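Me: I have a new structure open and would like a plain walk through it. Start wherever suits you.

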Amino acid sequence: MSKITVLIVDDHSIVRAGIRTYLETQSDLEVVGEAASGKEAVQLAAELVPDVILMDLIMPEMDGVEATQRVRQISPRTQVIVLTSFHEDTHIFPAIKAGALSYLLKDVSAEELGEAIRAAARGEAVLHPQVAARLVKEMRGTPAEKPNPYTALTEREQEVLKCIAQGMSNAEIAAHLVVSEKTVKGHVSNILSKLHLADRTQAAIYAWKEGLIRKE
């Protein structure tokens, strides 16, 4: 059983170190990276395709709300847990609208944080009970964004899609692009999500129909 990969994002190194220390004691969790800004978080999310990101909100260069929005565009399979000291509506609503799955405060216990990460990996949200009802009301009626499917793919995902269309397995794609097979699986998951496709066969058909692959 593969571990749940986690990226820790916080501009305070002591906070990152504290979280990492606890998570490294959990046999089913793996910290794959740390970021000190939203900008760095987006870069690492595209590179590492983590299962879960612990995202601070107030950071230099790019705040957690914008970073969450960009992460969700780049890597839809990656779930974002906001971990912050702020509990005001002005912070909560934008973060959830940006795509954060869960919203926790930094007084959360280590055990609760671990369980929230495991829940996020299953696609289950963890919210403070007092804000959950208000979030549901706030989100009602908000139209869903309709991104251009193909242009939403990163350059790397476009490469992976072309490899899929050529009939390559994940292992073959990993060898071709010199990345791990788990990373390839993450890219494939993102491609299917962004293109609203059910499986890699449909992805291959999509690539041929769109002229991304041409017969010799």
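Reply: One term comes before the rest: two strands count as paired if DSSP finds at least two bridges between them. Strands E4 and E5 (residues 102-105) are joined by 4 bridges and run parallel. Keep in mind that the model is predicted.

Me: Which residue is the bridge partner of Thr 84 in E5?

Reply: Leu 105 is the partner of Thr 84 there.

Me: What else does Leu 105 touch?

Reply: Leaving out residues up to four places away in sequence, Leu 105 touches Leu 83, Thr 84, Ser 85, Phe 86 and His 87. Leu 105 and Val 82 are 23 residues apart in sequence, and their C-alpha atoms are 8.0 Å apart in space.

Me: What do E4 and E5 make with helix H4?

Reply: Together with H4 (residues 89-98), the two strands make a right-handed β-α-β unit.

Me: Back up a bit. How many helices and strands are there in the chain?

Reply: The protein chain has 10 helices and 5 strands. It has 216 residues, and 44% of them count as buried.

Me: And how much of E4 is buried?

Reply: E4 covers residues 79-84, and 6 of its 6 residues are buried. Gln 79, Ile 81 and Leu 83 point one way, while Val 80, Val 82 and Thr 84 point the other way.

Me: Why do they split into two sets like that?

Reply: In a regular strand, side chains alternate between the two faces of the sheet. In E4 the residues pointing either way are all buried.

Me: How do E3 and E4 pair?

Reply: E3 and E4 pair in the parallel sense, over 4 bridges. Met 55 has Val 82 in E4 as its bridge partner. With H3 between the names, E3, H3 and E4 make another right-handed β-α-β unit.

Me: Changing topic. Which residue does UniProt list as a modified residue?

Reply: The UniProt record, an unreviewed entry, lists Asp 56 for "modified residue: 4-aspartylphosphate". Such annotations may be inferred rather than shown by experiment.

Me: Where is Asp 56 found?

Reply: Asp 56 is in the loop between strand E3 (52-55) and helix H3 (64-74).

Me: Is Asp 56 buried or exposed?

Reply: Asp 56 is buried, because its relative accessibility is 4% and the cut-off for buried is under 20%.

Me: What is Asp 56 in contact with?

Reply: Apart from neighbours within four places in sequence, Asp 56 is in contact with Val 9, Asp 10, Asp 11, Gly 64, Leu 83, Thr 84 and Lys 106.

Me: Val 9 is on that list. Which strand does Val 9 belong to?

Reply: Val 9 belongs to E1, where Thr 5, Leu 7 and Val 9 point one way and Ile 4, Val 6 and Ile 8 the other. The strand spans residues 4-9, and 6 of its 6 residues are buried.

Me: Which strands pair with E1?

Reply: E2 (residues 29-35) is joined to E1 by 6 bridges and runs parallel with it. Val 9 stands opposite Ala 35 in E2. The chain crosses from E1 to E2 through helix H1 (residues 13-23), and this β-α-β crossover is right-handed. E1 also pairs with E3 in the parallel sense, over 4 bridges, and Val 6 has Val 52 in E3 as its partner.

Me: What about empty space inside? How many cavities of 30 Å³ or more are there?

Reply: The count comes to 1 cavity of 30 Å³ or more. The largest cavity has a volume of about 40 Å³.

Me: Which residues line the largest cavity?

Reply: The lining of the largest cavity is made of Ile 8, Val 9, Asp 10, Val 15, Ile 19, Leu 54, Met 55, Asp 56, Leu 83 and Lys 106. E1, H1 and E3 each supply at least two of the lining residues. Asp 56, listed in the UniProt record, is among the lining residues too.

Me: One last spot, Gly 114. Where does Gly 114 lie?

Reply: Gly 114 lies in helix H5 (residues 110-121). With a relative accessible area of 0%, Gly 114 is buried. Gly 114 and Tyr 22 are 92 residues apart in sequence but 8.7 Å apart in space, C-alpha to C-alpha.

Me: For the chain overall, what share of contacts join residues at least 24 apart?

Reply: The share is 64%, taken among contacts between residues at least 6 apart in sequence.

Definitions and conventions
Residues numbered from 1 in each chain as written. Predicted model: local features only at pLDDT ≥ 70, side-chain atom pairs only at ≥ 80, totals over all residues. Heavy atoms only, no water. Buried < 20%, exposed > 50% of the residue type's maximum accessible area, 1.4 Å probe, protein only. Contact = heavy atoms within 4.5 Å. Right-handed = clockwise from strand over helix to strand, strands pointing away. 1 Å grid on protein atoms, 1.4 Å probe; cavity = no way out; pocket = protein on both sides within 12 Å on 5 of 7 lines; lining within 4 Å. Points joined across faces, edges and corners; volume = space filled by probe spheres on them.
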